[in-house]
Amino acid sequence: MASEKKTVFAVLGTDARQRAAADRLRQRGWQVVGRERLAAADVILLPMPLSGESEELVRLLTGAKPGAQAFGGRVGPAARQAAAQAGVPLRDYLEREELAVLNAVPTAEGCIALLLQNRTRTLWNSPVLVLGYGRCGAALAVRLAALGARVTVAARSPGQRAQAESQGLAVRDLEQLHRALPGFETVVNTIPAPVLGRRELAALAPGSLVIDLASLPGGVDLEAAEELGLRAIRALSLPARCAPVTAGEFVADTVLAMLREEGVCI
């Protein structure tokens, strides 16, 4: 019963995603406090991304009670060092497979919204090239196909190409990307490595739309794209931008699952 649950969560940050995570925890019956009661918290849910501000983080976590643990997303080296200095275990919930899979859904929906906003034709019956068939690439490609787009997936892995083909999608070997590009005016990259450099981008017609979903530094040469007259968009953190409530609920559920695996929050 909720009254028997002793774990106290401190949810820090005021963006919509953090507020949604706090609401989710309350709905699950847990006590949630803010920064002012950090010393009473057993679990500290930090904002994302958690990359810098090491001195401030040290001061913050130094006020945590003994035995408390912290969770953050996209935790950088400075944040890890700050947590270690404060003596508070810090874990990155974005390293969890289930969260990565779930986050691919709002990423795909957000990308589709960008495509609709930046195109003058329907997605239906339009050729769209998706680079990569990992979690985000797969979530996007199947949704585009469901809308009637003629989707081609370019992937280096034979296994990923086979998976895409099994879903009814056309496939190309990423090694032959430069040969495939002239047939497309809409390209979405999900690969976090340089794949669309000047040579590849030059194969696209001027005015083509290129969206880069890959995490920094991305996979598209945006400067070259602009010089070549392409419309290139770097679309980062789409779950937080397009579906912050859902994204926050995903975070809360993932942290609870991590704690349960340790015998906490049963």
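Two strands count as paired when DSSP finds at least two bridges between them. Keep that in mind for this tour of a predicted model.

**Stop 1: a pair of strands**

Select residues 8-11 and 43-45. These are strands β1 and β3. They run parallel, and three bridges join them. Now pick out Val11. Its bridge partner in β3 is Leu45.

**Stop 2: the whole sheet**

Widen the selection to five strands. They form an open sheet, ordered β2-β1-β3-β4-β5, with parallel pairing. Strands of a sheet pair through backbone hydrogen bonds. Go to the edges next: β2 (31-33) and β5 (90-92) each have a single partner strand, so one side of each lacks a neighbour in the sheet. Look along the sheet for its twist. On average, neighbouring strands are turned by 25° against each other, direction ignored.

**Stop 3: a helix on the sheet**

Add residues 244-261, helix α11. This helix packs on the sheet and touches β1, β3, β4 (69-72) and β5. Its direction makes about 140° with that of β4.

**Stop 4: helix α5**

Move to residues 135-146. This is α5, with 12 residues. From first C-alpha to last, α5 reaches 17 Å, close to the 16 Å expected at 1.5 Å a residue. Which residues of α5 are buried? Select Gly137, Ala139, Leu140, Ala141 and Leu144 to see them. Then show what covers them: the cover includes α4 (97-118), β6 (127-131), β7 (150-155) and β9 (186-189). Step just past the end of α5 to Gly148, which takes a positive phi of about 95°.

**Stop 5: α4 against α5**

Keep α5 on screen and bring α4 forward. The two axes come within 8 Å and cross at roughly 45°. That angle makes α4 oblique to α5. The crossing is right-handed.

Colour the two sides of the contact:

- On α4, the contact residues include Glu97, Ala100, Val101, Ala104 and Val105.
- Further along α4, they include Thr107, Ala108, Cys111, Ile112 and Leu115.
- On α5, they are Arg135, Cys136, Ala139, Leu140, Arg143 and Leu144.

Ala139, Leu140 and Leu144 appear among the buried residues of α5 and also meet α4.

**Stop 6: Pro158**

Finish at helix α6, residues 158-166, where Pro158 is found. Is Pro158 buried or exposed? Its relative accessibility is 57%, so it counts as exposed, the cut-off being over 50%. Now add Asp23 and draw a C-alpha to C-alpha line. Pro158 and Asp23 lie 43 Å apart in space and 135 residues apart in sequence.

Terms used
Residues numbered from 1 in each chain as written. Predicted model: local features only at pLDDT ≥ 70, side-chain atom pairs only at ≥ 80, totals over all residues. Heavy atoms only, no water. Helix = DSSP H or I, 4+ residues; strand = E, 2+ residues; numbered from the N terminus. Axes fitted to C-alpha atoms, helices over the stretch in contact; angles between N-to-C directions. Contact = heavy atoms within 4.5 Å. Expected span 1.5 Å × (residues − 1). Buried < 20%, exposed > 50% of the residue type's maximum accessible area, 1.4 Å probe, protein only. Parallel < 35°, antiparallel > 145°, perpendicular 65-115°, else oblique. Left-handed = near helix turned anticlockwise from the far one by under 90°.
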